[in-house]
Amino acid sequence: MCTCLIAGKKATISGRAMLAANDDWEKIPSVLTHTPRRGHVPGETYLLTAGGRIPEIAETCGYSYTACKYNTGTLDRSWAGGVNDCGVAVAGTGASAFKAIPCEDALLEPDDIPLLVLTRGTSARQAVRMLGELIRQYGIRYSGLEGCESMATYSIADAEEGWFLEVAPGNHWVAVRVPDDQVAVRPNALCTHDADLTDTENVLASPGLAEYAREQGWWDGDIHHFDFAAAYGSDVSPNEWGPELDRMNLLRRWRAVSLFSGKDMPYEDLTYSVVPNRLLSMEDFKNALRDLYQGTPYDLSKAPGAGRYGDPFHDDPPEYALCRRWTVASFVADFRKEGAPVMWVSMGCPKTSCYIPLYADISDLPACCEETEPGKDTPSLFWSFQALHFLTCRRYSENIPLVEAALTAYEQEADEALASIHDKLAALPADRRRAEQTAFTHRQIQQALTLCRDTHTALLYRY
């Protein structure tokens, strides 16, 4: 399961759009990867996940992204989410409840989409149009993930605007713009119900989208109110990334819109976008990604399986919260008015991991960002915070206050350091700026590892 959030620029304190996402994948480690900006020679091709190739562009963006260390086709890591040096962010959620449409000859698959945004996106709107053209030309097939036939929904944003792109097999897609004064959520389902296909400022779609659905007998309505989820979605799914009305999708949707609206929204009402009851900050997004239904009838720390220490990450009943035990990576895109965008990354369950600020325009990342086996001498961001998570959960109610205090202190200091260096960077030439941003990113990662080690040691002294 994964969850994506987008806020329009008039819904935030900064006056810029925001994108945030949790990447959930049971028992699979995550990695953090950086790919520098590159030029390409005429005739060069881009290798797709399923092995096909398409023409490469003259220059690809530099970008950083989180992914799961899981082989899919030509990739050794899957399900990318991140930010590029043009200030375009992307994340996705798998969706397996969709109409079966012939797509045997399609070249693209869901894992290609975020990487194409990161390599080729110069703005959110341009990225959506670029993807639409590629899907028109090459088609999109089911995901090649082992045991999982899925499509996806994608969140794509820059400082000016955010879009949700939903795709179906073949050449079918729709993208809806998040209203500037609203905040919206996508769980693991197709969720676009009311798209005005004539409003090309706020809705982009594949040619013939409504006509094809009408021909198949899936939909017979007004193109001013096209229901993509009903037309191209399904009420059944072969796995947990399933129908819109599944409990795991309903609960996360309900919780997100309730948190941001300040109202207890109807559980069954399929509302995905609301006007927030306040201007939203980075902290509001971090808190949402860390949410465990606390203070609601669904509070996981009070369920029978939570035990005497109120562990919300217990296995009984299954978790459906925005934050999960198996949230392996989380990030919030921080679009800045000047200079390179920043990606605040949590490498592990965000409830017990700090968000680390990383510049998008850097030269490289330290080796600890790659997954290593637990217990090895080489430190690893993921496994270090994974160890802290499991130790915290041994006596959760006693341990979490210490952990939260440490995370809060780190993030406050990191935010102050970011503000300080950000003012300095504007006056530097590009090469010097990139070097400073790289050094800053390396320092923040090392400080996060130190925080993790020290907090882990402090918990051990309690036993």
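**How the labels in this model are earned**

Reader: How do you know that the length of helix 2 (residues 124–138) agrees with what is expected?

Author: The expected span of a helix is 1.5 Å times one less than its number of residues, so the 15 residues of helix 2 should span 21 Å, and its end C-alpha atoms are 21 Å apart, which agrees. Helices here are DSSP runs of H or I with at least four residues, strands are runs of E with at least two, and both are numbered from the N terminus. This is a predicted model, in which local features need pLDDT of at least 70 and side-chain atom pairs count only at pLDDT 80 or more, while totals for chains, interfaces and linings use all residues. Residues are numbered from 1 along each chain as its sequence is written, and side-chain values use heavy atoms, with hydrogens and water left out.

Reader: What makes K27 count as exposed?

Author: A residue is exposed when its relative accessible area is over 50%, buried when it is under 20%, and partly exposed in between, using a 1.4 Å probe and protein chains only. K27 has 60% relative accessibility and therefore counts as exposed. K27 lies in the loop between strand 2 (18–24) and strand 3 (30–35), and has a positive phi of about 60° although it is not a glycine.

Reader: Why is Y293 called buried?

Author: The relative accessibility of Y293 is 1%, so Y293 counts as buried. Y293 is found in the loop between helix 6 (282–289) and strand 17, and, although it is not a glycine, its phi is positive, at about 65°.

Reader: What makes strand 18 (residues 342–346) mostly covered?

Author: Five of the five residues of strand 18 are buried. V342, W344 and S346 point one way from the strand, whereas M343 and V345 point the other way, and all are buried. In a regular strand the side chains alternate between the two faces of the sheet.

Reader: How do you know that strand 18 pairs with strand 17 (residues 327–334)?

Author: Two strands pair if DSSP finds at least two bridges between them, and five bridges join strand 17 to strand 18, so these antiparallel strands pair. Within this pairing, D334 stands opposite V342. Four bridges join strand 18 to strand 19 (residues 356–359), also antiparallel, so this is a pair as well, and here V345 stands opposite I356.

Reader: What makes helix 5 (residues 247–261) mostly covered?

Author: Of the 15 residues of helix 5, 13 are buried. The helix is followed by G262, whose phi is positive, near 75°.
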